[in-house]
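Let's take a walk through this fold, one contact at a time. Have your viewer open and follow along.

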Amino acid sequence: NISCHFQTPVTHPHDTMGVTSTLHTLASHKSTKCTVLGLITLYLLRQWVKRTTRNNIESNAAAKIAAVLEERKEHIEWAKREAEKVHEEERKKIEGMDFRELREALQSGKITAESVIRVYYGLAVRAHEKTNCLTNIIMKSLEDARELDNKARDPSYKKPPLFGIPISIKDAIEIEGQRCTWGLVQKIDCIPKEDSFPVMKLRNDGMIPFCQTNIPTTCMTYTCSNSIYGTTSCPLSSSRSSGGSSGGEGALVSARGCLIGMGSDLGGSIRIPAAYSGCCGFKPSATRFSTLQMAEPVPFRPLCMPTEGPLAQDPHTIVEIMRSIWSDLFISNKDPLSVPINFREDLFKEGTRYRIGYYTSDGYIDPLPGNQRVVREAVEVLRTKGYEMVPFSLGDIVHEAARGIWGTVFADGGKRQTEILRDEPLSPMMEPLRGFGSMYNITKKLLGLLSSLRGDKTTADFFSLQTTKAIDIQKGIDRIFASRKRLVKKMKDEKIDLLLCPSTISPAMPHTLPNQIPFTAINPTIFFNAMDFPAGVVTTGTWTEEDEAALASYPEKGIVEKGIKKGCKGSVGLPLSVQIVAPPFRDEMVLRVMVDLFDAVKK
């Protein structure tokens, strides 16, 4: 306190000479100079400590990353050697089999689980070399395959329904004895002691988890990159993202590295990678799966329900996996919070024809021309299959639900994200995650106001509705529940069984774009997490020259629209898909339509 050391001269407000004299006196006093020098020294010391601590953290992180990458390299080289042990004739035969053919051959004993797992080592490595989709080859899978083959030699042994079929697993899903990093260096040494319940069930049914796939840092974005394993690309374009957060799964399956894999979906994390990379993906009703073991990356998770689910090259494979998982009450016996419902064959029965409402835009953010076109084409395809197709308007339901979503999912103001990422090394591509998490609420409100003044309503909502106030959070909760009620009522009033709609607003985006525009871009998928509707994605076409030409007239209403219009130029040949959804616990209806649509398009 300077007043403790000086008797400040009294000066007239307009006496500039007196002010100058006072400042000169303060500046010349010895204790003032010492205080200033001390403050400067303290500041420099603190900066040095921060820099030293940061350097140590980065050095330790670099050493850990190098060790893990070396381990991955060794596992991949081992997998290559094992793959080469299969005779070329047998290898080609196994590679040419679809899921049903592979299952039949394994059940009949025409091929062994050991041969199959070796062939899929080779396929997975080939896909990885193209897309960087793997985080690990599980070496124990070869031992698991041999164990199954040994059991099968006993005439009294009854093979389980999925005997010997390899399956890939997203890095964020727990596998006993294997790393589960969530794309974070701080979790490199996290080794689960047991499988997730769905993985347990699949093992019981005879499947063999044989590799793990890449994810974005914290799984809280829909591109696919982290500081440990790097960036995963769309199999059809190295400059485009494979999507996220199950991006490694989407790339691996689409690049024919695996017939089926398990991902998880909080806001589109199964469906977006399936759409970007060009395969099929299915998000079940959340409470028909177990979420008991899942980490909680965001607050207020029950309002945007996450769940594990499969990605596959075709929906027939997804049906068989879901039929097996729901063949008994294994999941609900492990997790009493999971609803005990077996696979409903009555809803999946072939020849069943439902009344489907369709739309090409939900009225929130318009998808690009090609993404709308494939919906219209799917309408005609399903109509020829005997489905009753009727236009359906969501009105302002999606907008109100979005206001509820953005008002609740960041209810902690980004503090948890900030804490997780504080000492985490991030690439420039992923650095925006740290910046967004640490952004002050007043800054978000200001960005919301500026967006509103520009007429960008969706971006305005995204920033301005984020809050930590209990009363505002309650309003967000109320909006989500009101939207659920309105959507269910509207579908019932119009006798709509399912909905057909866009899966994404664009084809695969450039790697950096998802972290440069507001998360409102994922509204076509996260909306159905908030509704807890089961949803499936089927790839039905590709971006054409006509879509490219139509892009010129796409309206740039806001930041998201401008970003995807500019970023997604030059997308000819990239996959396009549609989304099929139904009310909760009508999962089999979604699967029925997915199968019929896929088969009709294939023909």
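Start at D328, which comes out as partly exposed at 32% relative accessibility. Keep in mind that this is a predicted model. D328 pairs up with K201 in a salt bridge, and their closest N and O atoms sit 2.9 Å apart. K201 belongs to helix α7 (residues 197-204), while D328 is in the loop between α10 (315-325) and α11 (330-334), so this pair ties together parts that are 127 residues apart in sequence. And K201, is it buried or exposed? At 2% relative accessibility, K201 counts as buried.

Staying with salt bridges for a while, the whole structure holds 41 of them. As a general point, side chains of opposite charge can pair when their charged atoms come close. Another one to look up is E588 with R288, again at 2.9 Å from N to O. This pair also links distant parts of the chain: E588 is in helix α23 (residues 587-602), R288 is in the loop between β9 and β10 (307-312), and 300 residues separate the two. Both E588 and R288 are buried. There is a network to find as well, since E82, K85, E114, R118 and R146 are joined by salt bridges that share partners.

For a local counterpart, go to helix α6 (residues 140-152), where K151 and E147 lie 4 residues apart, about one turn of the helix. Why does that spacing suit a pair? An α-helix has 3.6 residues a turn, so residues three or four places apart point the same way. The salt bridge between K151 and E147 has its closest N and O atoms 3.8 Å apart, which can be set against the 4 Å cut-off. K151 is partly exposed, with a relative accessible area of 39%, and E147 is partly exposed too, at 40%.

Now for the sheet. It is an open one, built from 11 strands with mixed pairing, and you can trace it in the order β1-β3-β2-β8-β10-β9-β14-β15-β13-β11-β12. The edges are β1 (134-137) and β12 (388-391), each of which pairs on one side only. Going across the sheet, neighbouring strands are turned by 30° against each other on average, ignoring direction. Helix α20 (residues 523-531) packs on this sheet and touches β8 (260-265), β9 (280-283), β13 (498-502) and β15 (575-581); the direction of α20 makes about 20° with that of β15. Back at the β1 edge, 3 bridges join β1 to β3 (residues 208-213), and the two strands run antiparallel. If you want a spot to check that register, N136 stands opposite Q212 in β3.

Next, zoom in on C279, which lies in the loop between α9 (271-277) and β9. C279 counts as buried, at 2% relative accessibility. Which residues does C279 touch, leaving aside those up to four places away in sequence? The contacts are G250, V253, S254, A274, L311, A312, V537, V538 and T539. To relate this spot to where we began, C279 and D328 are 49 residues apart in sequence and 28 Å apart in space, C-alpha to C-alpha.

A312 comes up again at T317, whose place is in helix α10. Setting aside residues up to four places away in sequence, T317 touches F99, L259, I260 and A312. T317 counts as buried, with a relative accessibility of 1%.

Finish with helix α17 (residues 441-453). Its 13 residues reach 18 Å from first C-alpha to last, close to the 18 Å expected at 1.5 Å a residue. Which residues of α17 are buried? They are K444, G448 and S451. These buried residues cover an arc of only 65° around the axis, which puts them on the same side of α17. They pack against α16 (431-437) and α18 (457-464). Turn to the face pointing away from that buried side and you meet the exposed residues I442 and L453. After α17 comes G455, with a positive phi near 85°.

Conventions
Residues are numbered from 1 along each chain as its sequence is written. This is a predicted model: local features need pLDDT of at least 70, side-chain atom pairs count only at pLDDT 80 or more; totals for chains, interfaces and linings use all residues. Side-chain values use heavy atoms; hydrogens and water are left out. Two strands pair if DSSP finds at least two bridges between them. Axes are lines fitted to C-alpha atoms, for helices over the stretch in contact, and angles run from 0 to 180 degrees between N-to-C directions. Contact means heavy atoms within 4.5 Å. The expected span of a helix is 1.5 Å times one less than its number of residues. Buried means under 20% relative accessible area, exposed over 50%, partly exposed in between (1.4 Å probe, protein chains only). The arc is that of the directions from the helix axis to the C-beta atoms. A salt bridge is a side-chain nitrogen of Lys or Arg within 4 Å of a carboxyl oxygen of Asp or Glu.
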